[in-house]
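Thanks, everyone. I would like to take a few minutes to walk through one structure, starting with its charged pairs and then moving on to the rest.

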Amino acid sequence: MFNTYGVAFGGNEPNDVARSALSEFLQKVPGLVKDGKLKHIPVKKFDGGLEKVVSDGFEYIAGGKVSAEKIVYAV
């Protein structure tokens, strides 16, 4: 059951309509990025070794300071 494509996501099998729509979208992505209409989320990086990452990074998350950003830990 779970070895079939799409079963874990509602049982939708791959089809030509979905492939075509995705292909059209992916062709538009470079233009959207170039025009500033599609942007990545901000990245908040914590580095300085494992102890600093744990103390500063986890405290940042636990303090509720994360809002629409990707947290990256460099250990």
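A search across the whole structure turns up two salt bridges, and I should say at once that what you are looking at is a predicted model. As a general point, side chains of opposite charge can pair when their charged atoms come close.

Let me take the pair in helix 1 to begin with. The side chains of R19 and D16 meet in a salt bridge, with 3.5 Å from N to O. Because R19 and D16 are three residues apart in helix 1, which covers residues 16-34, about one helical turn separates them. As for its surroundings, D16 is exposed, its relative accessible area being 62%.

The other pair is in helix 2, where the side chains of D56 and K52 form a salt bridge at 2.6 Å, again taken from N to O. Here the two residues are four apart in the sequence, which is about one turn of helix 2. Are these two residues buried, exposed or partly exposed? D56 has a relative accessibility of 32%, so it counts as partly exposed, and K52, with a relative accessible area of 43%, is likewise partly exposed.

Let me step back to the overall fold for a moment. The protein has two helices and two strands, and along the sequence they follow the pattern α-β-α-β. Of its 75 residues, 8% count as buried. Among contacts with a separation of 6 or more, 47% are between residues 24 or more positions apart. The accessible surface comes to about 6,400 Å², and carbon and sulfur atoms contribute 59% of that.

On that surface there is a nonpolar patch of about 550 Å², made by L50, V54, F58, I61, V66 and V75. One of these, V54, lies in helix 2, which spans residues 50-62. V54 has a relative accessibility of 38%, and therefore counts as partly exposed.

I would now like to turn to the loop between helix 2 and strand 2, where E69 is found, strand 2 itself being residues 70-74. Which side chain of opposite charge is nearest to E69, and how far away is it? That side chain is K44, at 6.2 Å, and E69, although buried, has no salt bridge. A salt bridge would call for a nitrogen to oxygen distance within 4 Å. What E69 does have is a polar contact of 2.6 Å, which joins its side chain to that of Y60. If we leave aside neighbours within four places in sequence, E69 is in contact with I41, P42, K44 and Y60.

Two further residues of this loop deserve a comment, and A68 is one of them. The phi of A68 is near 50°, a positive value in a residue other than glycine. For context, most residues other than glycine have a negative phi. A68 is also exposed, with a relative accessible area of 61%.

The other residue is S67, which is found in the loop between helix 2 and strand 2 as well. With a relative accessibility of 55%, S67 counts as exposed. How far apart are S67 and P42, in sequence and in space? They are 25 residues apart in sequence and 9.6 Å apart in space, taken from C-alpha to C-alpha. P42 has already come up, as one of the residues in contact with E69.

To draw this together, the two salt bridges are R19 with D16 and D56 with K52, whereas E69, which is buried, has none and makes a polar contact with Y60. I am happy to go back to any of these sites in the discussion.

Definitions and conventions. Residues numbered from 1 in each chain as written. Predicted model: local features only at pLDDT ≥ 70, side-chain atom pairs only at ≥ 80, totals over all residues. Heavy atoms only, no water. Buried < 20%, exposed > 50% of the residue type's maximum accessible area, 1.4 Å probe, protein only. Contact = heavy atoms within 4.5 Å. Areas by Shrake-Rupley, 256 points an atom, 1.4 Å probe, with all protein chains shown as cover. Patch = residues over 30% accessible without salt bridge, like charges linked within 9 Å, V, L, I, M, F, W, Y side chains within 5 Å. Lys, Arg positive; Asp, Glu negative; His and termini not counted. Polar contact = N/O pair within 3.5 Å; in protein donor to acceptor, adjacent residues only side chain to side chain.
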